[in-house]
Amino acid sequence: MLAHVAEHPWVADARATPDGVIVVWPDPAATTAGPRPGPLLREHLDHWAEVYDWVYQDALGRHSDDLDLSGWRASDTGLPLPVEHMRDWLARTVGLALAHQPKRVLEIGCGTGLLAHRLHPHLRGYVGTDVARAAVQRLGDAGLPRTAFVQAAAHETTADTVRAAMDAIFGPGVAPDCVLLNSVTQCFPGLDYLGEVLRQALATVSDGGTVIVGDIRHSGLLTEHFTWLERARDPGSGESDLDARVRAAIAADEELSFAPQAVAAVLAAQDRPVRVSLHARTMAEDSELTRYRYDLVVHVGPGMSDVAAPVRTISWSEQPGPDLAATLRTTLADRPVVVSNIPNALLRDTPTAVTPYALRQAVHGLDAAVLLDAYDPCLLAVAAPAACGVLSVEVLSDADRAAGPDAHEPLAGFVRRRLPEVLRDHLRRRAPGSRPPRIVVADAGDRGTR
């Protein structure tokens with residue numbers, strides 16, 4: 001049976017242990033991200049496509065044509081997220097996209113059209129792609145003016161079908177000035193795939209445009225997030241085994257989380273200049289969408305906004321006075337300035353802590369941005385004008401200063417589960433009537449050679 005396992009094209013090496021277990025090493029081609037995904041990675045993508053196609057067909061969260069919240073449930077309770085919270089969530093994302101005054105938007109992973117319905121009236125053209133056929137068909141049937149919808153995966157941004165839709169909506173050969181990926185990266189298998197998607201997005205967007213990656217799960221907050229979830233799921237249990245439960249939950253987590261540092265190498269490899277801004281989620285309600293997620297905006301090309309004058313940086317600990325809004329507005333009046341090291345009150349219980357929402361309220365009406373610290377996701381900052389909160393890729397590349405892991409990647413766990421299933425089916429075909437042995441995937445640190 002060992003020979004039959006070793007011959008499978010998804011296997012680089014296979015070895016039998018003394019107790020009869022077959023240990024396999026996946027062939028790297030089976031999990032490659034690009035330019036075409038390998039078969040194991042493709043299975044991971046297909047799994048999420050099937051999940052969302054089913055969710056969108058059922059449309060259990062559909063409130064109206066422009067507010068289909070199917071699939072949006074709280075991780076701690078399993079209940080639908082409050083409608084008003086989701087409206088706030090939508091408003092923040094739409095505001096972030098429109099702040100850069102785009103005219104032509106390509107949205108990768110448009111889902112039920114939550115953003116499409118709100119963005120298209122402000123644009124000359126909008127094209128949305130999604131893997132779920134049900135979502136694409138429903139949005140196409142809605143007849144939104146100056147829009148097109150294409151069934152395509154995130155790594156198919158440069159596919160002929162997507163280019164044809166952009167030509168029809170934007171004009172032949174005209175590029176989008178904003179490529180938007182909002183709340184989709186959690187379904188990606190890992191950083192290699194994320195990098196492939198980003199490379200295509202950056203190659204597609206016009207100079208002076210933006211690539212907005214929104215609603216990202218921050219890997220530096222995974223322990224905080226899962227501690228919060230485990231306490232909510234089992235409030236009556238003691239704290240003695242909490243750490244073990246949290247570690248097990250993180251290991252079993254099937255969604256991608258990453259810190260800003262995880263994309264630094266991809267951005268640094270671009271031919272065009274790029275800079276980055278990191279934005280806190282500033283919704284009013286305290287939920288996982290506010291606590292543990294952030295937005296990353298890549299400003300592309302020589303036309304990107306910049307601030308000519310030197311930017312002052314003031315630490316929040318230096319700010320006196322009990323009136324947050326008055327104090328902050330006084331400080332921001334002498335611009336350009338960044339107020340940094342603001343503890344996030346949703347994550348840190350300190351006297352100087354402030355919620356992202358309170359900061360948003362304090363700077364309402366100003367040209368200012370509520371930002372996330374590049375290295376510590378429990379810290380916030382405020383930049384005025386907003387353009388002075390843009391960072392160089394070199395800042396992101398300083399991984400030694402970052403808190404927590406660069407990423408949690410679900411692909412390895414998927415391969416550990418799926419590859420043995422595929423190989424057992426292969427053995428049943430190659431050796432009918434035999435009982436397949438136990439098959440395990442080797443740890444990433446172990447090396448096998450054929």
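**Close-up 1. A network of salt bridges in the predicted model links Arg62, Asp65, Asp68 and Arg138.** In this view of the model, which is a prediction, one of the contacts shown is the salt bridge in which the side chains of Asp65 and Arg62 meet, with an N to O distance of 2.9 Å. Asp65 is exposed, having a relative accessible area of 57%, whereas Arg62 counts as partly exposed at 33% relative accessibility. Side chains of opposite charge can pair when their charged atoms come close. A search of the whole structure finds 29 salt bridges, and further examples appear in the views that follow.

**Close-up 2. A salt bridge between Arg118 and Asp66 links distant parts of the chain.** The closest N and O atoms of Arg118 and Asp66 are 4.0 Å apart. Arg118 belongs to helix H4 (residues 114-119), while Asp66 sits in the loop between strand S3 (62-64) and strand S4 (67-68), so that the two partners are 52 residues apart. Asp66 is partly exposed, and its relative accessible area is 32%.

**Close-up 3. Helix H2 (residues 39-58) and helix H5 (residues 133-142) cross at roughly 45°.** Two packed helices are described by the angle between their axes and the distance between the axes. The axes of H2 and H5 come within 7 Å of each other, and at this crossing angle the two helices are therefore oblique to each other. H2 contributes Asp53, Tyr56 and Gln57 to the contact, and H5 contributes Arg133, Ala134, Ala135 and Arg138. By character, the residues of this contact divide into three nonpolar, one polar and three charged. Arg138, one of the H5 residues in the contact, is also a member of the salt-bridge network with Arg62, Asp65 and Asp68.

**Close-up 4. Ala134, Ala135, Val136 and Leu139 are buried in H5.** The buried residues of H5 pack against H2 and H4, and also against strand S6 (125-130) and strand S7 (147-151). Of these buried residues, Ala134 and Ala135 are among those that make the contact with H2. An α-helix has 3.6 residues a turn, so residues three or four places apart point the same way. Just after H5, Gly143 takes a positive phi of about 70°.

**Close-up 5. Three strands form an open sheet in the order S1-S2-S19, with mixed pairing.** Strand S1 (11-16) and strand S19 (439-441) stand at the edges, and because each has a single partner strand, one side of each is left without a neighbour in the sheet. Neighbouring strands of this sheet are turned by 25° against each other on average, direction ignored. S1 and strand S2 (residues 22-26) pair in the antiparallel sense over five bridges. Helix H15 (residues 411-430) lies across S1, S2 and S19, and runs at about 145° to S19.

**Close-up 6. Arg15 stands opposite Val23 in S2 and forms a salt bridge with Asp13.** The closest N and O atoms of Arg15 and Asp13 are 2.8 Å apart. Arg15 is partly exposed, with 37% relative accessible area, whereas Asp13 counts as buried at 8% relative accessibility; the salt bridge thus joins a partly exposed residue to a buried one.

Notes. Residues are numbered from 1 along each chain as its sequence is written. This is a predicted model: local features need pLDDT of at least 70, side-chain atom pairs count only at pLDDT 80 or more; totals for chains, interfaces and linings use all residues. Side-chain values use heavy atoms; hydrogens and water are left out. Two strands pair if DSSP finds at least two bridges between them. Helices (H or I, at least four residues) and strands (E, at least two) are DSSP runs, numbered from the N terminus. Axes are lines fitted to C-alpha atoms, for helices over the stretch in contact, and angles run from 0 to 180 degrees between N-to-C directions. Contact means heavy atoms within 4.5 Å. Angles under 35 degrees count as roughly parallel, over 145 as roughly antiparallel, 65 to 115 as roughly perpendicular and the rest as oblique. Ala, Val, Leu, Ile, Met, Phe, Trp, Tyr, Cys and Pro count as nonpolar, Asp, Glu, Lys and Arg as charged, and the others, Gly among them, as polar. Buried means under 20% relative accessible area, exposed over 50%, partly exposed in between (1.4 Å probe, protein chains only).
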